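Visitor: I should like to request a close look at a single part of this model, followed outward into whatever surrounds it. Please treat it as one connected account.

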Amino acid sequence: MAPRLFLPMSTPARYLGFGLGLRPDHYEAILATDPPVDWFEILSENYMVGGGKPLHYLDRIRARYPVVMHGVSLSIGSTDPLNKNYLRDLKTLATRVEPEWISDHLCWTGVDRTNLHDLMPLPYTEEAITHVVARVQQVQDYLGRQILLENVSSYVTYTDSQLTEWDFLKEVAQRADCLLLLDINNVYVSSFNHGFDPLVYLHAMPRE
C-alpha cells in the first residue's frame, strides 16, 4: 500500500505540519534516519494489542514524533451497540500513545456483530443524523476527547436519502461537536460515482 500524505487544517489543538501514514516497512528507516516528517498516522487496529513488535516500534517512533490514530472499525453508523471491548482497547492505546487526535470514518462496517471489513455509506437522513450524533457523543464521553470523522468514498446511494452527503457530514459534525478529517480524494471519487460537483462539496464544509 502506498503511503498517505497529509496536510491537515489547523485544529483547536495546534497545526502539525506534514504527516505520513506509518507502515511496517518504514520502521527501521525512520529509526535509522529520522526523516523530515512532522508526524505519523497509525492505523489504530494494528496496535490495539497487548504487546509484540508493532508496539515495540511504535513506542520508539512515538518518542521522536507526534502520532495520530486513525481507525477503520468504530462503525459509528451501525445499528449494533457500540463495541465496548473495542472502545476499551482504543482508549488503552490512546493512553499509551497520547495522540494528537483520534479519527475514524462516518460509515458502518458491520451488522449483527459481523465485521464486513468495508466502509459502507449511510443513508443521508435526519434519523441517521440523530443516531450517529448520539453515538459520537457516547464515544467522546468515554474517550474524554473530541474525535474526527472522515468522509468515505461511496459506490452506492440510498433511495431514502433526504440530504446531500456534504450537508449530512456538516450536520453530524456540528450537532455532535466533533471534528472532520476531510479526505479530498474520497470527495472526488464519490463525485465521479454519483455525478455531483466536488467543489460544491468542498465549499460547503465548515472551515472552522
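Guide: Helices and strands are here DSSP runs, H or I over at least four residues for a helix and E over at least two for a strand, numbered from the N terminus. The model is a predicted one. With those terms, the part chosen can be placed: cysteine 107 is found in the loop between β5 and β6, the latter spanning residues 108-111.

Buried means under 20% relative accessible area. Cysteine 107 has 0% relative accessibility and therefore counts as buried. Leaving aside residues up to four places away in sequence, cysteine 107 touches Ser75, Ile76, Gly77 and Ser78, together with Leu119, Met120, Leu122 and Val152. A more remote reference point is glycine 19, which lies 88 residues away along the chain from cysteine 107, with 24 Å between the two C-alpha atoms.

Among these contacts, serine 75 merits separate attention. Serine 75 sits in the loop between β4 and α3. Its relative accessibility is 9%, so serine 75 also counts as buried. With residues up to four places away in sequence again left out, serine 75 touches Cys107, Trp108, Thr109, Gly110 and Arg135. The backbone of serine 75 shows a positive phi of about 50°, although this residue is not a glycine. Aspartate 34 likewise has a positive phi in a residue other than glycine, near 45°. Aspartate 34 belongs to the loop between α1 and β3. Its 43% relative accessibility is the reason why aspartate 34 counts as partly exposed.

From cysteine 107 one may proceed to the enclosed space in the model. There are two cavities of 30 Å³ or more. Leu122 and Val152, both touched by cysteine 107, are among the residues that line the largest cavity. That cavity has a volume of about 70 Å³. Its lining also includes Leu106, Pro121, Tyr124, Asn151, Glu165, Phe168, Leu169 and Tyr201. Helix α5, residues 165-176, gives the most to this lining, with three residues. By class, the lining has eight nonpolar residues, one polar and one charged.

The second largest cavity holds about 50 Å³ of space. Its lining includes Ile102, Ser103 and Asp104, along with Ser44, Gly71, Leu74, Tyr86 and Leu90. Val139, Leu143 and Ile147 are also part of that lining. Strand β5 gives the most to it, with three residues. Helix α3, strand β5 (102-105) and helix α4 (126-143) each supply at least two of the lining residues. The lining of this second cavity divides into seven nonpolar, three polar and one charged residues.

The aromatic residues add a further layer to the picture. The whole structure contains seven aromatic pairs. One pair joins phenylalanine 40 and tyrosine 65, whose ring centres are 5.0 Å apart with planes at 80°, so the arrangement is edge-to-face. Phenylalanine 40 lies in strand β3 and tyrosine 65 in the loop between α2 and β4 (67-70), so the pair ties together parts 25 residues apart in sequence. Phenylalanine 40 and tyrosine 65 are both buried. Another pair involves tyrosine 124 and phenylalanine 168: their ring centres are 5.0 Å apart and their planes stand at 50°, so this pair is tilted. Tyrosine 124 lies in the loop between β7 (114-120) and α4, and phenylalanine 168 lies in helix α5, so parts 44 residues apart in sequence are tied together by the pair. Both tyrosine 124 and phenylalanine 168 are buried, and both appear in the lining of the largest cavity. Tyr201, another residue of that lining, belongs to a cluster in which ring pairs link it with Trp166 and Phe196.

Finally, helix α2 precedes the loop that holds tyrosine 65. In α2, which covers residues 53-62, Leu55, Tyr57, Leu58 and Ile61 are buried. Viewed down the axis of α2, the buried residues fall within an arc of 165°, so they line one face of the helix. What covers these buried residues includes α1 (27-33), β3 (39-43) and α3 (84-97). Strand β3 is also where phenylalanine 40 lies, so the ring pair with tyrosine 65 involves one of these covering elements.

Conventions
Residues numbered from 1 in each chain as written. Predicted model: local features only at pLDDT ≥ 70, side-chain atom pairs only at ≥ 80, totals over all residues. Heavy atoms only, no water. Buried < 20%, exposed > 50% of the residue type's maximum accessible area, 1.4 Å probe, protein only. Arc of directions from axis to C-beta. Contact = heavy atoms within 4.5 Å. 1 Å grid on protein atoms, 1.4 Å probe; cavity = no way out; pocket = protein on both sides within 12 Å on 5 of 7 lines; lining within 4 Å. Points joined across faces, edges and corners; volume = space filled by probe spheres on them. Nonpolar A, V, L, I, M, F, W, Y, C, P; charged D, E, K, R; others polar. Phe/Tyr/Trp six-rings, centres within 6.5 Å; stacked < 30°, edge-to-face > 60°.
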